[in-house]
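Q: Please take a close look at the place where the ligand is bound. Which residues are around the ligand, and what kind of pocket holds it?

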Amino acid sequence: MYQLLGNPASPFVRKVRVVLEETGLAGDVEQILVATTPTAPAAEVTAAHALGKIPALIRPDGCTLYDSRVITRYLDARAGGRLYPASHIWETLTLEATGDGIMEAAVLMVYEGRCRPEDKQDHGWVDAQWGKIENALDALTARWMSHLAGPVDAGVIAIGCALGYLDFRHPDREWRMDRDGLDDWFAAFAERDAMKATRPV
Ligand code: BEZ
């Protein structure tokens, strides 16, 4: 049995969980909830992941895989390779990197509010993170809508999880404003069984 160390609130963990659902491998993996923070990583996380981050996938042979992109690619390879198609591999990886970048900036914004005292928080830095996200969302709207409308791959899943996280943690930022196409795409994607099964609460 595999073990996945994670927290359902993390968009990177959600991405792995969506891949587990989409590939039919969820039954092979015990999902272990860990309470961890960047400043005080849980002991079981640092034991598995040299940098103390989630997700981490512990294989039955004891070897641990990270980060999320390594885990998703490994799982997909085991399931037949549908989510990293050779014919579009560079586009898929670039789109996945875009989704991961949105998640990273959005998580850093959360950590700034959660891990620092109010008087030490840098609101300019937080707004700069949001600026990166807005640029990425505009790039998606300008250049990636036809890819998003095509077969589900790891890049498409990463964007779905990134937008889901913006709704979850940054609803006041209103990412949908002037992005009707992306909004419509996400409304349909969010109805997939894998997305509904992994929605953070
Ligand atoms: C969150 O609560 O938003 C979160 C939890 C774990 C990792 C990343 C984000």
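A: What follows goes from the ligand outward to its pocket and then to a few points in the backbone. The model is a predicted one.

Start with the ligand itself. Seen from the ligand, the surrounding residues are Ala9, Ser10, Val107, Tyr111, Arg114, Tyr165 and Arg169. Sorted by class, this shell contains four nonpolar residues, one polar residue and two charged residues. Two helices, α4 (89-115) and α6 (154-169), each contribute at least two residues to the shell. Of the elements, α4 gives the most, with three residues.

Three side chains in this shell have an N or O atom at a short listed distance from a ligand oxygen. For Tyr165, the distance between an oxygen atom of the ligand and a side-chain N or O atom is 2.5 Å. For Arg169, the corresponding distance to a ligand oxygen is 2.7 Å. For Arg114, a side-chain N or O atom is 3.1 Å from an oxygen atom of the ligand. On its own, the ligand has 260 Å² of accessible area, and the protein covers 92% of that.

Now step back to the space around it. The ligand sits in the largest pocket, whose volume is about 820 Å³. In total, 31 residues line this pocket, and those nearest its centre are Phe12, Lys53, Ile54, Val107 and Tyr111. Val107 and Tyr111 are also among the residues that surround the ligand. By class, the pocket lining is made of 16 nonpolar, eight polar and seven charged residues. The helices α1 (11-23), α3 (68-79), α4 and α6 each provide at least two lining residues. Here too α4 is the main contributor: eight residues, the largest share of the lining, come from it.

Some backbone details complete the picture. Ile54, one of the residues nearest the pocket centre, is joined to Pro55 by a cis peptide bond with omega of about 5 degrees. Pro55 belongs to the loop between α2 (43-48) and β3 (56-58). A cis peptide bond also runs from Tyr66 to Asp67, with omega near 0 degrees. Asp67 is placed in the loop between β4 (64-65) and α3, and α3 is one of the helices that supply residues to the pocket lining. Finally, Glu174 lies in the loop between α6 and α7 (180-189). Glu174 is not a glycine, yet its phi is positive, near 50 degrees.

Technical notes. Residues numbered from 1 in each chain as written. Predicted model: local features only at pLDDT ≥ 70, side-chain atom pairs only at ≥ 80, totals over all residues. Heavy atoms only, no water. Near = heavy atom within 4 Å. Polar contact = N/O pair within 3.5 Å; in protein donor to acceptor, adjacent residues only side chain to side chain. Areas by Shrake-Rupley, 256 points an atom, 1.4 Å probe, with all protein chains shown as cover. 1 Å grid on protein atoms, 1.4 Å probe; cavity = no way out; pocket = protein on both sides within 12 Å on 5 of 7 lines; lining within 4 Å. Sits in = over half its atoms within 2 Å of the grid points. Helix = DSSP H or I, 4+ residues; strand = E, 2+ residues; numbered from the N terminus. Nonpolar A, V, L, I, M, F, W, Y, C, P; charged D, E, K, R; others polar. Points joined across faces, edges and corners; volume = space filled by probe spheres on them.
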